[in-house]
Amino acid sequence: MKKTEKFRQLLDSTQLDFLCEAHNGISAVIAEEAGFKGIWGSGLSLSAQFGVRDNNEASWTQVLEMLEFMSDATRVPILLDGDTGYGNFNNMRRLVKKLEQRDIAAVCIEDKLFPKTNSFIQGQAQPLADIEEFCGKIKAGKDAQSDDNFSIIARVEAFIAGWGLSEALKRAEAYKNAGADAILIHSALGTPDEVLAFKREWADRLPVAIVPTKYYATATEVFRSHGFALVIWANHLLRAAIAAMQQTAQSLAADQNLFSVEDRVVPVSEVFRLQGAVELQEAEKKYLPLRQRGVQALVLAASRGMELGELTEQRPKTMVNVAGRPLLAHIVDALNATGIKNISVVRGYKKETVDLPNLNLIDNDEFEDSGELLSLLKGLRGVRPDQDLIVCYGDVLFNKYIVQILAESEDALAIAIDTNWIESANRHRQADYAHCSMPHSREAFSARVTLEHIGADIAPTGIHGEWMGFIKISADEIAAVVAVVEEMLRDAAMRRAKLPDLLNLLVASGRRVQVHYTTGHWLDIDSLDDVLHAGNF
Ligand code: SPV
Ligand code: MG
């Protein structure tokens with residue numbers, strides 16, 4: 001149902017309905033959440049939140065801008081307090097058109113002169129508009145509306161200006177004849193006497209709205225029994241906010257700490273909720289390409305690194321000092337340098353020493369009788385499922401460009417292969433030799449090269465390079481890799497399997513593992529010599 005129609009129902013229903021004032025997007029949401037079926041766009045509150053007076057100091061388009069935020073944030077209809085219509089009949093026509101464009105359901109105009117003054121500031125001294133001129137404004141507004149259900153409420157200020165009941169009734173009658181959809185009868189008395197007298201005489205010729213700011217002590221039942229259509233709580237969210245802001249500001253200024261105010265303010269999560277943050281997160285899942293969600297890294301660092309002897313008695317290899325800082329700190333720096341902030345580390349041996357800040361720490365407490373596959377599994381289960389992932393080892397130093405190439409690739413699965421490999425007698429290194437769909441060459445640069453096999457069992461002429469330990473797994477592929485690893489680990493013989501075994505299995509099962517050829521710029525820390533050499537890396 002359109003907002004104009006909803007508002008029309010509030011006017012036409014036989015029950016008493018209530019509008020709550022709001023003055024910006026968030027107060028409008030708060031009013032709607034509290035259950036109000038409509039919102040009063042108060043001139044007093046809107047001007048006050050801008051820090052100006054209720055004398056048309058804020059321009060009508062500034063008011064309109066704020067109304068648009070209020071309307072966008074809510075589904076209930078908004079009745080704008082349109083003051084005197086911001087000018088003559090012509091301004092009124094334009095106002096109505098613009099309000100309709102912004103989905104505002106209704107406007108109330110008062111029979112005073114532009115620029116108006118708030119009714120509670122020397123109301124008795126305020127001149128009233130000429131009746132005929134004001135009727136012309138109502139007619140012009142009604143003629144300008146394109147939605148039949150848009151409502152124009154005529155506000156009678158006769159009591160405010162010190163005129164009596166008959167002037168009020170005369171004006172209301174004229175405004176009704178000019179086409180007004182309802183009357184707002186205003187009073188500055190501390191009792192409801194004036195508005196009740198008006199309502200008794202007026203009866204039900206048009207629905208009547210009231211603003212009981214000054215006669216606040218009147219029981220609502222009195223309004224209900226007299227048959228009013230709308231009660232407007234005209235400025236109470238603004239006044240509540242002012243009281244809370246004054247208290248909070250004073251405490252903060254006096255105490256110079258947040259402790260005393262924390263219990264009196266909502267958590268920031270409540271602000272996010274009111275802003276609709278969740279909706280944006282859902283939309284990002286639907287509309288943003290994966291790459292823009294960022295890339296994360298998983299560092300496998302659970303093992304001790306026996307080959308470093310004494311150096312790893314007190315700490316795992318990843319925490320051994322290289323050029324004055326733990327190896328892991330250098331890895332984190334290189335990842336950070338590529339823009340990767342979300343870094344998870346699987347730790348096991350002497351895990352309490354793996355304590356660098358800003359890391360997502362994942363424990364593999366079975367590191368002693370398991371292999372890197374279990375660390376990988378625990379790691380994959382602990383990373384974000386919605387970000388692409390770079391897996392690397394905790395004992396490899398590298399130039400950031402290697403990770404960057406993988407991070408920027410669109411591949412579901414990708415690895416980096418060093419074509420600058422040096423033939424080694426070390427079995428550990430041989431296990432990482434790779435045979436690919438084509439060797440590194442000018443053609444390979446523009447072709448899509450894939451991994452065919454990785455391991456020590458490749459004939460020397462078939463070795464195209466050495467795998468450096470990096471695997472890029474796209475977010476969409478993480479769950480599939482988890483399933484493959486789980487399957488492997490169900491086989492007891494695979495308990496100590498390594499990542500190359502996983503890569504071979506992925507290839508054998510028909511998955512495309514994209515190869516990006518690089519040349520050098522990395523260092524595997526396998527010996528004390530490497531640790532020394534690393535200082536120059
Ligand atoms: C407003 O809320 O701006 C009103 C009501 O016009 S009153 O302040 O009572 O005049
Ligand atoms: Mg007002």
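**Exercise 1. The nonpolar cores**

Task: Find how many residues the largest nonpolar core of this predicted model has, and which of them have the most contacts inside it.

Solution: Begin with the count, which for the largest nonpolar core of this predicted model is 74 residues, and then note that L298 and F470 are those with the most contacts inside this core. Next, ask which element gives the most to this core: helix α19, spanning residues 475-489, does so with seven residues. Then turn to the surroundings of L298, where, once residues up to four places away in sequence are set aside, the residues touched include S344, V346, I362, L376 and G379. Further along the chain, L298 also touches L380, V383, L389, I390, V391 and C392. Finally, a second core, separate from the one just described, has 57 residues, among them I104, I131, A144 and V208. As a general background to both, nonpolar side chains in soluble globular proteins tend to be buried together.

**Exercise 2. The place of A434**

Task: Decide whether A434 is buried or exposed, and state which residues it is in contact with beyond its neighbours within four places in sequence.

Solution: First locate A434, which lies in strand β17, made up of residues 433-436. The relative accessible area of A434 is 0%, and because buried means under 20%, A434 is buried. The contacts of A434, leaving out neighbours within four places in sequence, are I417, L451, H453, I454, I458, G462, I463, H464 and G465. As a last step, take the pair A434 and G324, which are 110 residues apart in sequence and 34 Å apart in space, C-alpha to C-alpha.

**Exercise 3. The largest pocket**

Task: Describe the largest pocket by its volume, by the residues closest to its centre and by the classes of its lining residues.

Solution: Start from the volume, since the largest pocket holds about 970 Å³ of space. Its lining consists of 37 residues, and those closest to the centre are S303, E372, Y393, H428 and K498. The elements giving two or more residues to this lining are β9 (295-301), α15 (372-382), β19 (465-473), α20 (499-508) and β21 (522-524). Sorted by class, the lining of the largest pocket has 13 nonpolar, 12 polar and 12 charged residues.

**Exercise 4. The second largest pocket**

Task: Explain why the second largest pocket lies between domain 1 and domain 2.

Solution: The second largest pocket has about 610 Å³ of space, and of the 20 residues that line it, I26, I30, A241, A244 and M245 are the closest to its centre. At least two lining residues come from each of α2 (25-33), α10 (236-255) and α12 (268-275), and the largest share, eight residues, is that of α10. Because domain 1 (3-243) and domain 2 (256-287) both give residues to the lining, the second largest pocket lies between them. By class, this lining has 12 nonpolar, six polar and two charged residues.

**Exercise 5. The cavities**

Task: State how many cavities of 30 Å³ or more there are, and describe the lining of the largest cavity.

Solution: The count comes to two cavities of 30 Å³ or more. The largest cavity has about 150 Å³ of space, and among its 17 lining residues the closest to the centre are L44, N118, R155, H186 and A234. This lining of the largest cavity has five nonpolar, seven polar and five charged residues. The second largest cavity has a volume of about 80 Å³, and helix α3 (residues 43-50) gives the most to its lining, with three residues. The residues lining the second largest cavity include G43, D54, D81 and Y86, and by class the lining has four nonpolar, three polar and four charged residues.

How values were computed
Residues are numbered from 1 along each chain as its sequence is written. Chains are lettered from A and ligands numbered from 1 in the order in which they are written. This is a predicted model: local features need pLDDT of at least 70, side-chain atom pairs count only at pLDDT 80 or more; totals for chains, interfaces and linings use all residues. Side-chain values use heavy atoms; hydrogens and water are left out. On a 1 Å grid over the protein atoms alone, a cavity is a set of points where a 1.4 Å probe fits but cannot get out, and a pocket is an open set with protein on both sides within 12 Å along at least five of seven lines; lining residues have an atom within 4 Å of a point. Grid points are joined across faces, edges and corners, and a volume is the space filled by probe spheres set on the points. Helices (H or I, at least four residues) and strands (E, at least two) are DSSP runs, numbered from the N terminus. Ala, Val, Leu, Ile, Met, Phe, Trp, Tyr, Cys and Pro count as nonpolar, Asp, Glu, Lys and Arg as charged, and the others, Gly among them, as polar. Domain bounds come from an automatic or database domain assignment. A nonpolar core is a set of buried Ala, Val, Leu, Ile, Met, Phe, Trp, Tyr and Cys residues joined through side-chain atoms within 4.5 Å. Buried means under 20% relative accessible area, exposed over 50%, partly exposed in between (1.4 Å probe, protein chains only). Contact means heavy atoms within 4.5 Å.
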